[in-house]
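Trainee: Please take one strand of this chain and go through it closely. I would like to see how a single part fits in with its surroundings.

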Amino acid sequence: MKPPLFHPGQEVICTNDDFTVLLVQNPNIQTPKRGPIYTVRGVYDTHRGYGITLAEINNAGVAPGFPEANFHESRFAPVPPLEEIDIAEAIEEAVTA
């Protein structure tokens, strides 16, 4: 099996927030939405590949007796690192432009 795409502490964004099937199974589960940046809390090897839990969403108590819901890694993309910007250069470029 391939290694997981993400690791705990990594920032990700949700690219597929259609969790209709999961919500039919349990409408109380909180699911990620497109747009916000999330932080990977845990990575789990499942029978369908790797699933992740997110620091910003806690479903631990939603289904007592069952593991916490996780979300397949294919639904996410890594947040690219921000480039360091030299403020003085940026201001000079804006003024001369």
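Mentor: Start with one pair of residues: Cys14 stands opposite Phe76, which lies in E5. The model is a predicted one. The pair belongs to the contact between E1 and E5, two strands that pair in the antiparallel sense over three bridges. Strand E1 covers residues 11-14, and E5 covers 76-78.

Now take the other neighbour of E1. Three bridges join E1 to E2, and these two strands also run antiparallel. Two of the partners can be named: Glu11 has Thr39 of E2 as its bridge partner, and Ile13 has Ile37 of E2.

Next, look at the two faces of E1. Val12 and Cys14 make up the covered face, while Glu11 and Ile13 make up the uncovered one. The residues of the covered face, Val12 and Cys14, both appear in the largest nonpolar core. That core has 11 residues, and Phe76, the residue opposite Cys14, is also one of them. Other members include Phe6, Phe19, Tyr38, Val40, Ile52 and Leu54. Strand E1 is not alone in supplying this core: E1, E2 (37-46) and E3 (49-54) each give at least two residues to it.

Val40 shows how the core residues meet. Leaving aside residues up to four places away in sequence, Val40 touches Val12 of the covered face, and also Phe6, Ile52 and Leu54, among others. Its contacts further include His7, Pro8, Gly9 and Gln10.

Step back to the sheet. Five strands form an open sheet, with the order E4-E3-E2-E1-E5 and antiparallel pairing. In that order E1 sits between E2 and E5. Strands E4 (71-72) and E5 stand at the edges with a single partner strand each, so one side of each has no neighbour in the sheet. In general, strands of a sheet pair through backbone hydrogen bonds, either parallel or antiparallel.

Last, the whole chain. Its secondary structure comes to two helices and five strands, and from the N terminus on the elements run β-α-β-β-β-β-α. Of the 97 residues, 27% count as buried. Among contacts with a separation of 6 or more, 56% join residues 24 or more positions apart. The accessible surface comes to about 7000 Å², and carbon and sulfur atoms hold 57% of it.

To return to the strand: E1 pairs with E5 over three bridges, is joined to E2 by three bridges, and has its covered face in Val12 and Cys14.

Notes:
Residues are numbered from 1 along each chain as its sequence is written. This is a predicted model: local features need pLDDT of at least 70, side-chain atom pairs count only at pLDDT 80 or more; totals for chains, interfaces and linings use all residues. Side-chain values use heavy atoms; hydrogens and water are left out. A nonpolar core is a set of buried Ala, Val, Leu, Ile, Met, Phe, Trp, Tyr and Cys residues joined through side-chain atoms within 4.5 Å. Buried means under 20% relative accessible area, exposed over 50%, partly exposed in between (1.4 Å probe, protein chains only). Helices (H or I, at least four residues) and strands (E, at least two) are DSSP runs, numbered from the N terminus. Contact means heavy atoms within 4.5 Å. Accessible areas come from the Shrake-Rupley method with a 1.4 Å probe; for residues, only the protein chains shown count as cover. Two strands pair if DSSP finds at least two bridges between them.
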